[in-house]
Amino acid sequence: MRILPLLIGGVLGLAAGAASAFFAAGMIGSGASVGDQIDVNGWKSDWTIGSTSANPWTRARIARHGLLALTKEEAVYFTTNMDSDGNRLSEDCTYEVSGGDMPGQWWSITLYDAQSYLPLNKDNALSFDQTKAASSGAEDAWSFTVAATDPETGNWVSSQAGGDFDMTLRIYRPTPDLIADPEGVLPTPGVKRLACGGDA
């Protein structure tokens, strides 16, 4: 008579484990996010990415989406899916992203769709980085526009086919101060919504 409860418990346990694994890997719903350990003004990260201390859900998410996960001494990743007012980032809106010097050797910001893939468009404008900031003469006070169509002037990152998207800031060879105190050291980029749909 004890076999039946054990059997039911085993089946339920397997089902719960499988469901959590599929969710973490992004195969059910949007999946668990990578990088909720650290939150600096909505830019989230997780220092365990790329290390042996990453939990199984983080590893599943990284493996599923093919993220090149370096250790925090090599690169740190901060992701946001909200503008500075807390609204979900959307292809239907236009944004201005701005910032300054980053505490590391080199940095980039890349736009990904809701499935954490590069949007399928041919704009060849899915990221902005330190090199582009320097070439535009504004390495210390850069900005770029995020929009589904080219604004024709200024720096541009395309959100075409991005749907509800997010952006990932990568800082390579971060300074020891950033690793020790990300909340106190990271000058988070501002993400200002300029217009949505038919807004002026």
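How many cavities of 30 Å³ or more does the structure hold? There is one, and we'll get to it shortly. Before that, keep in mind that what you're looking at is a predicted model.

Let's start with the overall layout. The protein chain has five helices and 10 strands. It runs to 200 residues, and 36% of them count as buried. Now think about which parts of the chain meet each other. If you take the contacts between residues at least 6 apart in sequence, 70% of them join residues at least 24 apart.

Back to that cavity. The largest cavity holds about 40 Å³ of space. Walk around its wall and you'll meet Ser45, Asp46, Trp47 and Ile49, then Leu70, Thr71 and Lys72, and finally Ala75, Val76 and Tyr77. By kind, the lining divides into six nonpolar residues, two polar ones and two charged ones. Strand E3 supplies the largest share of this lining, with three residues.

Stay with strand E3 for a moment, since it brings us to Thr80. Strand E3 covers residues 75–80, and Thr80 sits in it. Is Thr80 buried or exposed? Its relative accessibility is just 3%, so Thr80 counts as buried. Who are its neighbours in space? Setting aside residues up to four places away in sequence, Thr80 touches Gly42, Trp43, Leu89, Asp166 and Met167. There's also something to spot a little further along the chain: a polar atom of the Thr80 side chain lies 3.3 Å from the backbone oxygen of Met82.

Next, look for the sulfur atoms. The structure holds one disulfide, and its partners are Cys93 and Cys196, with their sulfur atoms 1.9 Å apart. Cys93 belongs to strand E4 (residues 93–99) and Cys196 to strand E10 (residues 190–196), so the link ties together parts that are 103 residues apart in sequence. If you follow the link itself, you'll find it right-handed, with 105 degrees about the S-S bond. Both Cys93 and Cys196 are buried.

Now for a couple of backbone oddities. Most residues other than glycine have a negative phi. Asn41 goes the other way: it isn't a glycine, yet its phi is positive, at about 55 degrees. You'll find Asn41 in the loop between strand E1 (38–40) and strand E2 (43–45). With a relative accessible area of 65%, Asn41 is exposed.

Ala161 is another non-glycine residue with a positive phi, this time of about 70 degrees. Its home is the loop between strand E8 (156–158) and strand E9 (166–174). Ala161 is partly exposed, since its relative accessible area is 38%.

While you're in the loop between E8 and E9, have a look at Gln160, which lies there as well. Gln160 counts as partly exposed because its relative accessibility is 35%. Which residues does Gln160 contact, leaving aside neighbours within four places in sequence? They are Glu91, Pro119, Asn121, Asp123, Ala147 and Ala148. Take Pro119 from that list: in sequence, Gln160 and Pro119 are 41 residues apart, while in space their C-alpha atoms are 7.0 Å apart.

Note on methods: Residues numbered from 1 in each chain as written. Predicted model: local features only at pLDDT ≥ 70, side-chain atom pairs only at ≥ 80, totals over all residues. Heavy atoms only, no water. Helix = DSSP H or I, 4+ residues; strand = E, 2+ residues; numbered from the N terminus. Buried < 20%, exposed > 50% of the residue type's maximum accessible area, 1.4 Å probe, protein only. Polar contact = N/O pair within 3.5 Å; in protein donor to acceptor, adjacent residues only side chain to side chain. Contact = heavy atoms within 4.5 Å. 1 Å grid on protein atoms, 1.4 Å probe; cavity = no way out; pocket = protein on both sides within 12 Å on 5 of 7 lines; lining within 4 Å. Points joined across faces, edges and corners; volume = space filled by probe spheres on them. Nonpolar A, V, L, I, M, F, W, Y, C, P; charged D, E, K, R; others polar. Disulfide = S-S within 2.5 Å.
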